[in-house]
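Please look over the model shown here. The text after it goes through the contact between chains and then the cysteines.

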Amino acid sequence: MPVVIGFEGSANKIGVGIIRDGEVLSNPRRTYITPPGQGFLPGETAKHHRGVILTVLQEALDEAGLKAADIDCVAYTKGPGMGAPLVTVAIVARTVAQLWGKPLLGVNHCIGHIEMGRLITNAQNPTVLYVSGGNTQVIAYSERRYRIFGETIDIAVGNCLDRLARVIKISNDPSPGYNIEQMAKKGNKYIELPYTVKGMDVSFSGILSYIEDAAHKLLSTGQCTPEDLCFSLQETLFAMLVEITERAMAHCGSQEVLIVGGVGCKCFYAHLGISVLSASKHAFFFSGNLRLQEMMGVMCKERGARLFATDERFCIDNGVMIAQAGWEMFRSGHVTELSDSWITQRYRTDEVEVTWRD
Amino acid sequence: MLFFENKGTFNQHMTKMPLSNRSSTKYVNMAACVSENDSDKKLEFFLKVPFPSEREAAIALQSLSPDPEPRKGGITKNLDVTGHTLSVRWTADEARILRVSVSSFLDHLSLVMETLDAFGPPVSQ
C-alpha cells in the first residue's frame, strides 16, 4: 500500500497532496491571485510559492496524520508549465526526498489530471478533454500512450478567457474563469465571434484578438455589455471544444467523455474566504464551468455517451493528482534519478510511456 | 568559516544572508567574489556556502544542480561540494545577466536551507 506525496506548482496554484491506494489523505492548496487587469508572471508566482510551500507541506502531513517515515515516494511536477514556479517546487521535492531517504518521481502535469479524473470518476476508457489556463488537448489512451487527438495550435482556452477578464478588468478571485461564467449567465446578446476549429484542432488567438478589439469598440459605444461579451465568448469557445471532442470520440468509437483541468469543473461548493493579491487558503470554492458541462452533456446524450468530470478539488491544479499519477508510476517501477529530475516547460502528454495500463 | 578566492582584479564582498522570514532569522556567512578577467572580458563570481554537515551540503547540491539555467547563452554556473561546503562558480558576459542568475540562485538556496531546517535532519542512511 504505497503512500505517495505529490507536489504541484506549475502555474499559480501550489498544492501538496497525499494519497494511499486511491484514498485521498490530504490535499491542501494555495492560489496566487493578482489584482484585476493583471495576469501572473513567473517570477512573482515563484516567489508566492516559495513563501507558502513549506507551510502547505506541513499541512498535508498534519491533515493526513502522517510523519515523513510513512511516505513511500515523493512525486512532483516535472512539467509542462512555467519555469520559475516549477523549479521552486522541484527543489523542495528533491530536498525532502533526500532528507527522508525516499525515491523521487517526476510526473507529467497533464497525466496527473487524467489519472486523478480516472480515479475519482471511475471512467473506464474515456475520451479526455483537458482544458485549463495553460493546456487544451483532447486525449485518448492507446497502446501505452496518452495520445493527443486534437489540441490548440496556439493558446489554451483558459488563457483566452483569462485575457478577456483582464481586458474588462474583472476580479481574478477565485479565478477569472469563474467570474466570467457568473457574468455570462447575465448576458443575453450574442456577438458573433470567429469560430476557428481546424480539423481535429482548435485555435484561440484569433478569437482573442478579435474580442479584445471588439470589447473596446462595443463597450465604449454601449452596443453591448461586458456580460454579453462573456456570454458570447463562452458559447463560441465551448462549442468549439465540444466539436473537437466529438470528432475524437467518433474516431475512437468512444462512449465516455472525461473533462479535466480548471476550465472543466463540475460541482458547486460554497465559497469561503477571499483574499486578493496574496496567498489565500480556499477550503472550497467554485471555479470552472457549468456551461461547458451542459453543452458537452447535450452532445453526449445525442450520442448515447456518458460524461464524467470532477469537482474543483481535483480538476483545478492540486497536489494529490500528482501523487496519484506518481502512485501509478511508482507501482509500475518508475523512479526519477536526481540528476534527471530537471524541470521542463514543454512536456508533451504522449512523451510518457504509460506502463501502468494495458 | 569564511573563505576567499582571488582571480585577477576583483571586488571582495562578504555577505550575511538572511535565511528565513519565519520563526527565527538565521544568518549564513558566505564569501563571494566578483572578478573581471581582462583577456576575454568575462565576469566571474564565486560563492562558498558552509552547511552544518557534509550530508546536508550534498543534499543541497543535488537539489540545486539538476535544472538548467533558464537563459541559454551568456552565463554558466557550476556547483560542487567539498566537505561541508557548497561552492558555486559563475561566468557571465554581462553584469546584468550575472546578477539575475545569482539572485535566483540565492532564492533557491534559501528555500533549500529553510526546507532542511523545517524537515531535517536527514535520516540515517
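What follows is a short walk through a predicted model, beginning at the interface and ending with the cysteines.

The contact between the two chains draws on 23 residues from chain A and 22 residues from chain B. About 1,900 Å² is buried between chain B and chain A, and carbon and sulfur atoms give 65% of that area. On the side of chain B, no other three residues supply more of the area buried against chain A than D67(B), L111(B) and F119(B), whose share is 35%.

The polar side of the interface can be counted as well. Nine residue pairs are in polar contact across the interface of chain B and chain A, with both residues of each pair at pLDDT 80 or more. Two salt bridges are found across the same boundary. One of them pairs D107(B) with R50(A), where the closest N and O atoms are 3.3 Å apart.

Which elements of chain B give two or more residues to the side that touches chain A? They are α1 (54-64) and α2 (95-119) of chain B. The largest share comes from α2(B), with eight residues. By residue class, the side of chain B that touches chain A divides into twelve nonpolar, five polar and five charged residues.

The cysteines come next. Over all chains, the structure holds one disulfide. It joins C265(A) to C315(A), with an S to S distance of 1.8 Å. In general, a disulfide is a covalent bond between the sulfur atoms of two cysteines. The torsion about the S-S bond of C265(A) and C315(A) is about 90 degrees, and therefore the disulfide is right-handed. C265(A) lies in the loop between β12 (256-260) and β13 (280-281) of chain A, while C315(A) lies in helix α9 (residues 312-315) of chain A, so the pair ties together parts that are 50 residues apart in sequence. C265(A) counts as buried because its relative accessible area is 0%, under the cut-off of 20%. C315(A) is also buried, at 1% relative accessibility.

Why is there no bond between C252(A) and C300(A)? The sulfur of C252(A) has its closest cysteine sulfur in C300(A), but the distance is 14 Å, which is too far for a bond; the cut-off for a disulfide is within 2.5 Å. C300(A) is likewise in no disulfide, and the cysteine sulfur nearest to it is that of C252(A). As for accessibility, C252(A) counts as partly exposed at 34%, whereas C300(A) is buried, with a relative accessible area of 1%.

How values were computed
Residues are numbered from 1 along each chain as its sequence is written. Chains are lettered from A and ligands numbered from 1 in the order in which they are written. This is a predicted model: local features need pLDDT of at least 70, side-chain atom pairs count only at pLDDT 80 or more; totals for chains, interfaces and linings use all residues. Side-chain values use heavy atoms; hydrogens and water are left out. Contact means heavy atoms within 4.5 Å. Buried area is the accessible area (1.4 Å probe) that two parts lose on being put together, summed over both. A salt bridge is a side-chain nitrogen of Lys or Arg within 4 Å of a carboxyl oxygen of Asp or Glu. A polar contact is a pair of N or O atoms within 3.5 Å; within protein, one must be able to donate a hydrogen and the other to accept it, and residues adjacent in sequence count only if both atoms are side-chain atoms. Helices (H or I, at least four residues) and strands (E, at least two) are DSSP runs, numbered from the N terminus. Ala, Val, Leu, Ile, Met, Phe, Trp, Tyr, Cys and Pro count as nonpolar, Asp, Glu, Lys and Arg as charged, and the others, Gly among them, as polar. Buried means under 20% relative accessible area, exposed over 50%, partly exposed in between (1.4 Å probe, protein chains only).
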